[in-house]
Amino acid sequence: MSTISKSALEVQFDLRPAKQVERRMLLDAFQRLSEVGFSIRDYHYTGFGCLHFVDFVIFHKILGIQKMVSMEHDLTLEERVRYNRPFSSIQIEMHSATDIIPNMPREQR
């Protein structure tokens, strides 16, 4: 049984207005931090790529972030997630966020 929401399969993540606003706010904040000396491109991005990897593409292209991890817990989507991965540098972790986040290195930006 797939645990991905039905709406995620029917409406692409990048077309949802609320998600677009949230994404733009984060990008603006990160760009401003970069302008005042934070080396955002040296940070790691960990998120939920799901099927479209929208945030990953934007953060890579606009912010220059190279080190990325996509957390995916639905094993039935693994093949599709790996196929849709836009950059080979994105590490796919097929585990829940509750298993991954507590084990992330604290010194990692």
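What follows is a short chat between a student and a tutor about a predicted model.

Student: Before we start, what are the ground rules for this predicted model?

Tutor: Local features need pLDDT of at least 70 and side-chain atom pairs count only at pLDDT 80 or more, while totals for chains, interfaces and linings use all residues. Residues are numbered from 1 along each chain as its sequence is written, and side-chain values use heavy atoms, leaving out hydrogens and water.

Student: How are the axes of helix α2 and helix α3 oriented, roughly parallel or roughly antiparallel?

Tutor: Helices here are DSSP runs of H or I with at least four residues, strands are E runs of at least two, and both are numbered from the N terminus. The axes of α2 (residues 17-35) and α3 (residues 54-63) come within 11 Å and cross at roughly 25 degrees; axes are lines fitted to C-alpha atoms, for helices over the stretch in contact, with angles from 0 to 180 degrees between N-to-C directions. Under 35 degrees counts as roughly parallel, over 145 as roughly antiparallel, 65 to 115 as roughly perpendicular and the rest as oblique. So α2 and α3 are roughly parallel.

Student: Which residues of α3 does α2 meet?

Tutor: Contact means heavy atoms within 4.5 Å. From the α2 side come Arg 23, Leu 26, Leu 27, Phe 30 and Gln 31. Their partners in α3 are Val 54, Asp 55, Ile 58, Phe 59, Ile 62 and Leu 63.

Student: Which elements do the buried residues of α3 pack against?

Tutor: Buried means under 20% relative accessible area, exposed means over 50%, and partly exposed is in between, using a 1.4 Å probe and protein chains only. In α3, the buried set is Val 54, Asp 55, Phe 56, Phe 59, His 60 and Leu 63. These pack against α2, β1 (44-47), β2 (67-71) and β3 (90-93).

Student: Gln 20 sits in α2 too; which side chain does the side chain of Gln 20 join in a polar contact?

Tutor: Gln 20 is partly exposed, because its relative accessibility is 34%. A polar contact is a pair of N or O atoms within 3.5 Å; within protein, one must be able to donate a hydrogen and the other to accept it, and residues adjacent in sequence count only if both atoms are side-chain atoms. At 2.5 Å, the partner is Arg 23.

Student: Is Ser 70 buried or exposed?

Tutor: Ser 70 lies in strand β2. Leaving aside residues up to four places away in sequence, Ser 70 touches a list including Cys 50, Phe 53, Phe 56 and Ile 92. With a relative accessible area of 0%, Ser 70 is buried.

Student: What is the C-alpha separation of Asp 74 and Met 94?

Tutor: Asp 74 is in the loop between β2 and α4 (78-84), and its side chain makes a 2.5 Å polar contact with the side chain of Thr 76. Along the chain, Asp 74 and Met 94 are 20 residues apart. In space, their C-alpha atoms are separated by 7.3 Å.

Student: What is the relative accessibility of Phe 53?

Tutor: Most residues other than glycine have a negative phi. Phe 53, in the loop between β1 and α3, has a positive phi near 55 degrees. Cys 50 is in the loop between β1 and α3 as well, with a positive phi of about 55 degrees, and is partly exposed at 24%. Phe 53 counts as buried, because its relative accessibility is 1%.
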